[in-house]
Amino acid sequence: MPSSEHLSELLDPTGTVLLTVECQQGVVGPDSALPELAQEARSSGALARIARLVAAAHESGVQVIHAVAERRPDGRGANHNARLFRAAERLPVRQLTGTTAVRIAPPVEVAEEDFVVRRLHGLSPISGTDVDPLLRNLGCRTLVVTGVSANIAVPNAVFDAVNRGYTVVVPADAIAGVPSEYTPAMVRNTLALVATITTTDDVVACFERRRR
């Protein structure tokens with residue numbers, strides 16, 4: 001874990017953006033297309049911690065971006081080149097544009113100043129979306145990555161951010177995947193090699209210190 005001084009330097013609000021990944025009702029809500037993942041996000045406390053981080057960011061002037069995965073009802077533009085995409089087409093709950101499924105799930109709150117970036121294709125919240133141009137225009141140097149899943153979208157976001165020159169901070173208790181034991185192993189053996197790993201408490205403490 002980084003020292004509080006080092007983490008505080010990384011999380012200067014003027015150069016920090018908080019990214020939530022697929023924290024949408026059709027993924028982590030009670031009527032999720034992926035009930036096992038939704039249950040893990042809630043029972044582990046990850047979703048509640050994401051909400052706490054978002055609230056702290058709002059209070060501290062840290063920009064928040066919510067990355068949402070969705071698809072058109074006709075499926076145009078969506079990927080079909082992996083088993084995951086083909087399985088998603090058969091799920092009883094689909095992440096259709098304009099439906100409740102693609103709204104940010106409580107208790108995470110969306111403020112007027114937040115950005116909600118939607119993608120119709122691929123696995124990454126960053127590659128091929130508006131996230132990277134927004135980060136650059138916002139003067140982002142450090143990206144805090146939270147959300148689901150630790151299996152696919154979260155590591156994609158971390159790798160893409162690092163490849164684009166951002167410093168990435170991951171509050172390890174604010175991401176979730178399945179099975180539950182996979183997430184800490186992935187963090188320890190993969191994300192820790194490229195990102196600064198910390199906790200929700202430590203990130204919130206840095207935001208609060210900066211606010212004071």
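Where does S149 lie? In this predicted model, S149 is found in the loop between β4 and α7 (153–163). I begin with S149 for its backbone: V148 and S149 are joined by a cis peptide bond, with omega at about -5°.

A second case of this kind deserves mention. The peptide bond from P106 to P107 is also cis, and its omega is near 10°. P107 has its place in the loop between α5 and β3 (115–119). For context, most peptide bonds are trans, and most residues other than glycine have a negative phi.

That remark on phi leads to E22. Although E22 is not a glycine, it has a positive phi of about 55°. E22 sits in the loop between β1 (16–21) and α2. Is E22 buried or exposed? E22 counts as buried, because its relative accessibility is 13% and the cut-off for buried is under 20%.

E22 also brings us to the largest pocket. In general terms, rolling a probe the size of a water molecule over the atoms shows where empty space is left. Here the largest pocket has a volume of about 730 Å³. It is lined by 31 residues, and the closest to its centre are E22, L34, A69, L84 and A88. Two elements, α3 (35–43) and α5 (83–88), give two or more residues to this lining. The largest share, four residues, comes from α5. As for chemical character, the lining residues of this pocket divide into 19 nonpolar, six polar and six charged.

Let us now look at α3 itself. Which of its residues are buried? In α3, they are L37, A38, E40 and A41. These residues lie on the same side of α3, because they cover an arc of only 165° around the axis. The general principle is that an α-helix has 3.6 residues a turn, so residues three or four places apart point the same way. On the other side of α3, the residues P35, E36, Q39 and S43 are exposed. Against what do the buried residues of α3 pack? Their partners are α2 (25–28), α4 (46–60), β4 (142–148) and β6 (175–176). After α3 comes G45, and the phi of G45 is positive, near 90°.

I turn next to the cysteines. How many disulfides does a search of the whole structure find? The search finds zero. C23, for example, is in no disulfide, and the nearest cysteine sulfur, that of C140, is 17 Å away. C23 is buried, with a relative accessible area of 1%. Why does C206 form no bond with C140? The closest cysteine sulfur to that of C206 is in C140, and the two are 15 Å apart, which is too far for a bond, because a disulfide requires sulfur atoms within 2.5 Å. C206 is buried as well, and its relative accessible area is 1%.

Finally, C206 may be set beside A55, a residue whose place is in helix α4. Along the sequence, A55 and C206 are 151 residues apart, and in space they are 13 Å apart, C-alpha to C-alpha. A55 has a relative accessible area of 33%, so it is partly exposed, whereas C206 is buried.

To close, I return to E22, which has appeared twice in this talk. E22 has a positive phi, and E22 is among the residues closest to the centre of the largest pocket. Thank you for your attention.

Technical notes: Residues are numbered from 1 along each chain as its sequence is written. This is a predicted model: local features need pLDDT of at least 70, side-chain atom pairs count only at pLDDT 80 or more; totals for chains, interfaces and linings use all residues. Side-chain values use heavy atoms; hydrogens and water are left out. On a 1 Å grid over the protein atoms alone, a cavity is a set of points where a 1.4 Å probe fits but cannot get out, and a pocket is an open set with protein on both sides within 12 Å along at least five of seven lines; lining residues have an atom within 4 Å of a point. Grid points are joined across faces, edges and corners, and a volume is the space filled by probe spheres set on the points. Ala, Val, Leu, Ile, Met, Phe, Trp, Tyr, Cys and Pro count as nonpolar, Asp, Glu, Lys and Arg as charged, and the others, Gly among them, as polar. Buried means under 20% relative accessible area, exposed over 50%, partly exposed in between (1.4 Å probe, protein chains only). The arc is that of the directions from the helix axis to the C-beta atoms. Contact means heavy atoms within 4.5 Å.
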